[in-house]
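Student: I should like to go through the descriptive terms used for this model and see what each one rests on. May we begin with the structure itself?

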Amino acid sequence: MHDMTLTELARALEAGKFTSRQLTESLLARIERFDGELNSFISVTAEQALAAADAADAARARGEAGPLTGLPLALKDIFCTQDVKTSCGSKMLDNFIAPYDAHVVEKLKHAGTVSLGKTNMDEFAMGSSNENSHYGPVKNPWDLTAVPGGSSGGSAAAVAAGLVPAALGTDTGGSIRQPAAFCGITGLKPTYGRVSRYGMVAYASSLDQAGPMARTAEDCALLLSAIAGHDLRDSTSVARGVPDYRAELGASLSGLRIGLPKEYFGDGLDPEVETAIREAVKVYESLGATVQEVSLPHTHHAIPAYYVIAPAEASSNLSRYDGVRFGYRCDAPADLEDLYKRSRAEGFGDEVKRRILIGTHTLSEGFFDAYYKKAQQVRRLIRQDFMDAFEEVDVLMGPSTPTTAFDLGANKDPVSMYLQDIYTIAINLAGIPGISVPAGNINGRPVGLQILGPHFAETQLLNVAHQFQQVTDWHQQRPAFGKENT
Amino acid sequence: MALEPKDVRRAAHLARLGLDETDADRYVDDLTRILEMADHLQTVNTDGVAPLAHPLDATQRLRADEVTETDQRERFQRNAPAVENGLYLVPRVVE
Amino acid sequence: MQWETVIGLEVHAQLATQSKIFSGASTAFGAEPNSQACAVDLGLPGVLPVLNESAVAMAVQFGLGINAEIPEVSIFDRKNYFYPDLPKGYQTSQMYHPIVGQGEVEITLEDGETKRIRVHHAHLEEDAGKSLHEDFHSMTGVDLNRAGTPLLEIVSEPDMRSAKEAVAYLKAMHSIVTYLGISDGNMAEGSMRCDVNVSVRPKGQEAFGTRAEIKNVNSFRFVERAIAFEVERQIELIEDGGKVVQETRLYDPEADETRSMRTKEEANDYRYFPCPDLLPVVLDAAYVDHLRSSLPELPAEKRARFQNELGLSAYDAGVLSATRAMADFFEGVKEVCGDAKLAANWVQGEFAGHLNKEGLTIASSPVSALQLGELVARVKDETINGKAAKQVFAALWAGEGNSADEVIEARGLKQVTDTGAIEAMIDQVIADSPVQVAQYRDAEPDKRGKMIGYFVGQVMKASRGTANPQQVNGLLKEKLDALC
């Protein structure tokens, strides 16, 4: 059953082929067997999972099952989960037992899903390889010498390895789409404001957005319908009805106007990845779509703008980790200054410190206008690029990443690591939705096709992705790792 | 804009991040290259462009002035490193 | 050299909301430590702020009260610094786009002179918690109940030129916020406190001198004392060839002096930037107009009306409009008795005197505006005379009887105006005082006026104070003169 999609599992549960408890036990056994090597989970909450599975089975027996009742999934360890450790991949929060549930966790519990545990991630969601976790790197199930991507690398690897059929991730600069691409799964970053951020540990508040990671677009649609919606506790959450994202999956793509941003096919793109993406676009043409080249002229300023804005917000968001009310506190602080400086020096990892320093510096007197304000202006130009493009076309397509998954330890230099985010990062600055779908495999490492739409175009993105998955089988391919049954 | 070691030390102090000397040197190096990248922003003409702080042009919603929270001190303080008589303890602050 | 003092004030008024500015925790004063610090106030990982509508409405009301511009858009910024009572490591405030723009307020000085003081702007922000330095094994305890309480910070222009003007300004602010009911203005509990910026410059010089900021002064008197000390310190320093440094100072009421707060700390860099968790606050004209139309009468308007429509003196109008409680009480008395001047005399006289003597506030007064109004009405319609009225007031104050009429009835204080009855009493007094009558008759006519007092006293005594004194006087004079 570990090969099945969420949608297939839902049907099987409904048909009584197996119970949620049997399914949960089977997946917990796979985690037990395989995750030692993969390291995709920080916490496995077996006891709570089995209790939730039993409750789901009982609800089904009473005839009270909804579309997600009894379905197992995993949560990136960035979502506060009541009475469960919520570490955000950091030593700073290694001892933090969340006293409340994040909005999305609440909604998923309410929908009757069964959380198997909390997945590994780059510390405070800062990273593109999952090598920045206090709990050690996650491995890519397609190739254990490769990274799974980041920062939602644990979620992506766990889904790809069949440890769980779906997981929640978060995406601030590509953290859902890039690991989805590297691990050969489907991952959606919704429009900013579509999913409440309440209870999601903040990295960069104006960019962060939670979203589903699963095997298919259909599964992502199912999950998004459950987690999207207005939340009065998040001022940036949008008061807008939530459609049934599955309703339009079957719509024809005839006449769909696809734009290929020329900047997404330039220098730095691996030629084999480019070939795979162009093949995928041909598939769309065969489905009746028209293709044209468009331009997003400010693309190359997205990385610098992001690496000013995100660290600035992060430097402020992470000030609350001061060793006073929760989290790590250093031993025997000599005075207040020592308490702060040592707790934060010992509790945060390297990349987090780097971004705090960058953000603090660019916000400080004498640098604010040149960096922060300038980046915000450029951010408007980047958003405008997309708005202009969507005047001409319905969706944009291109590679999710310039290369397939790179090797563990390959990108030692922070700047070269940042440049990996070239195709994903502008989307967060503009706040638009984007989805990565499997569209190829090069030397055993998957390729992701990224599809972008205007604000709140999730229904269309899921439809476009789903139709591709009706005529291709990239999403059905599984890595050798974990193939043997338990 | 060139980054000086004193800038990094200043940022580290403002952010209350303890750095030892070798750390500091390494960060000067990393941050210099990150800022060199950020300096590319200066090549963009942004005359008359308003800064964009939020990706959607939405406005703030207001909540009704009602007390909705109850006392959860005991629950919250289970995560605290040091408490006494309901107070969070820190090394003595001299005023 | 002649020196001129330049003062600007930053007044922090805690807004009288039920819940905090960004969370649903209670703002009630005096709860168990940290029992009113919810997840948002504590800055737990993942929590987010949502703005309280009352805090916004109160800030706008204040702005309208000082005739300020209310910008359509205001924006919250983060002020970043570390301190144990600041849970998130930043204070959410408004640096660049405050909710209230430029306004002004008129202050009245002791000599009755008025002066306009400009308000640069007022902005919303969250209060911090409290650090308690009692000994917890040489640790400091942090109580975050106050964290997130809404504050309105009102920043004046440096328009004040003396400690007295600063105090008058602070009193004007106090009276505006209490009139509007947007703050209880309780300085002892810290609901209202201020930072005072003080500098001196040679008289005639245009450029400002270097200023010192005296933080957190929490009484009118301390504001006056702190400025007085600081001005003297700065002048002495300059005259001795020194230089004033720009710094933060603390007023110590015990020693009656200001002291430098920070020595080694370098200048702070708060790294303000727009709070990404809060969106721009947009106030449309209809909303502002609605608040404007429901604005109560403010002190300056009230003072003017008391003078122009009720015919009170400038002094009386000022005293009676100083606080909303006083003004409301006075107007209550006036409504019931129908005589503004009599009401003004009684409120400032017997009533204020009794409050002062017993250290009570209007809210805790045993005599209500209705009771005093009824009493004054009886003075006005001459049911009782002034002397009896004081007795009635004392009785009401002591809780004897529910109304003036009840006391008048019970004590038989009703003024006697029946000429026949008064004549009878006069005849009796004359008959009982042959010696005094003889003296009166023998006296020079111009001395007799003084001697009549004895007879008046006797008649009043005989009437147990209820006879109308004017009537007694007139009739006595007639009768005695007839004997001469």
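Student: How many residues does each of chains B and C bring to their contact?

Tutor: In this predicted model, chain B contributes 28 residues and chain C contributes 39 residues. On the side of chain B that touches chain C, strand E1 (62–63), helix H3 (73–77) and strand E3 (87–91) each supply at least two residues. E3(B) gives the most, with 5 residues. By residue class, that side of chain B divides into 13 nonpolar, 6 polar and 9 charged.

Student: What makes E3(B) and strand E8 (residues 139–143) of chain C a pair?

Tutor: Pairing requires at least two bridges between the strands. E3(B) and E8(C) are joined over 4 bridges, in the antiparallel sense, so the definition of a pair is met. Within this pairing, B:Tyr88 has C:Val142 as its bridge partner in E8(C).

Student: Why are H13(C) and H16(C) called oblique to each other?

Tutor: Helix H13 (residues 419–432) and helix H16 (residues 469–483), both of chain C, pack at an angle of about 50°, with their axes 10 Å apart. Roughly parallel would need an angle under 35 degrees, and roughly perpendicular one of 65 to 115. The angle fits neither class, and the two helices are therefore oblique. H13(C) passes H16(C) in a right-handed crossing.

Student: Which residues make the contact of H13(C) with H16(C)?

Tutor: H13(C) provides C:Ile422, C:Glu423, C:Ile426 and C:Ile430, while H16(C) provides C:Gln471, C:Val472, C:Leu475, C:Leu476 and C:Lys479. These residues divide into 6 nonpolar, 1 polar and 2 charged.

Technical notes:
Residues numbered from 1 in each chain as written. Chains lettered and ligands numbered in written order. Predicted model: local features only at pLDDT ≥ 70, side-chain atom pairs only at ≥ 80, totals over all residues. Axes fitted to C-alpha atoms, helices over the stretch in contact; angles between N-to-C directions. Parallel < 35°, antiparallel > 145°, perpendicular 65-115°, else oblique. Left-handed = near helix turned anticlockwise from the far one by under 90°. Contact = placed C-beta atoms within 7 Å. Nonpolar A, V, L, I, M, F, W, Y, C, P; charged D, E, K, R; others polar.
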